Amino acid sequence: EGYNRWRNVPASFLVQLSIGSVYAWSIFNNPLSREVGVVAPAAADWVLPDILPIFSYCAMTLGVCTATLGPWAERWGPRATATLAGISWSGGLAVSAYGAL
């Protein structure tokens, strides 16, 4: 019907990238634990038990959103779902970047 399905490939890659960022959390542990002492540890640096609740909230939010927004995603379809997910993910990154200033 004139629709090029290859246009879905980049969009699906970006959706999977945003979902996978939760599971790749461990790459953020070391940089977050060296917030003050970038090259060497400093006294004011965070310790891992201070960082782990952030991952817990992130993983819990993913599960709750998946369970509660599943029916909405089935009603509205993959394009609207991917658009909302992209906006939410980008907004979350922007808010966390602002918070890190």
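Trainee: How does the lining of the second largest pocket divide by class into nonpolar, polar and charged residues?
Mentor: First, this is a predicted model, where local features need pLDDT of at least 70, side-chain atom pairs need 80 or more, and totals for chains, interfaces and linings use all residues. Residues are numbered from 1 along each chain as its sequence is written, and side-chain values use heavy atoms, without hydrogens or water. A pocket is an open set of points on a 1 Å grid over the protein atoms alone, where a 1.4 Å probe fits and protein lies on both sides within 12 Å along at least five of seven lines; lining residues have an atom within 4 Å of a point. Counting Ala, Val, Leu, Ile, Met, Phe, Trp, Tyr, Cys and Pro as nonpolar, Asp, Glu, Lys and Arg as charged, and the others, Gly among them, as polar, the lining comes to six nonpolar, four polar and one charged.

Trainee: Which helix gives the most to that second largest pocket's lining?
Mentor: Look at who is there: the lining includes Ala11, Leu14, Val15 and Ser18, along with Arg79, Ala82, Trp89 and Ser90. Two helices, H1 and H4, each supply at least two of the lining residues. With seven residues, the biggest giver is H4.

Trainee: And the largest pocket, how many charged residues are in its lining?
Mentor: Go through the classes one by one. Nonpolar residues come to 27 in the lining of the largest pocket, and polar ones to eleven. That leaves the charged residues, which number three.

Trainee: What pattern does the chain follow along the sequence?
Mentor: Helices and strands here are DSSP runs numbered from the N terminus (H or I, at least four residues, for a helix; E, at least two, for a strand). The chain has four helices and zero strands. Read along the sequence, then, the pattern is α-α-α-α.

Trainee: What share of the chain's residues is buried?
Mentor: Picture the overall frame to start with: taken along the principal axes, the C-alpha atoms fill a box of roughly 60 × 25 × 20 Å. Buried means under 20% relative accessible area, exposed over 50%, and partly exposed in between (1.4 Å probe, protein chains only). Of the 101 residues, the buried share is 9%.

Trainee: Gln16: buried or exposed?
Mentor: To place this residue, look in helix H1. For a sense of distance, Gln16 and Ala40 are 24 residues apart in sequence, and their C-alpha atoms are 34 Å apart in space. Since its relative accessibility is 53%, Gln16 counts as exposed.

Trainee: How far is Ile27 from Leu48, C-alpha to C-alpha?
Mentor: Ile27 sits in helix H2. At 58% relative accessibility, this residue counts as exposed. Along the chain, Ile27 and Leu48 are 21 residues apart, while the separation of their C-alpha atoms is 12 Å.

Trainee: What about Arg7, how far apart are its C-alpha atom and that of Ala94?
Mentor: Arg7 belongs to the segment before H1. Because its relative accessibility is 57%, Arg7 counts as exposed. The two residues are 87 places apart along the chain, and their C-alpha atoms are separated by 26 Å.

Trainee: Which residue just after H3 takes a positive phi?
Mentor: Go to the end of H3 and look at what follows. The phi there is about 95°, and the residue that takes it is Gly77.
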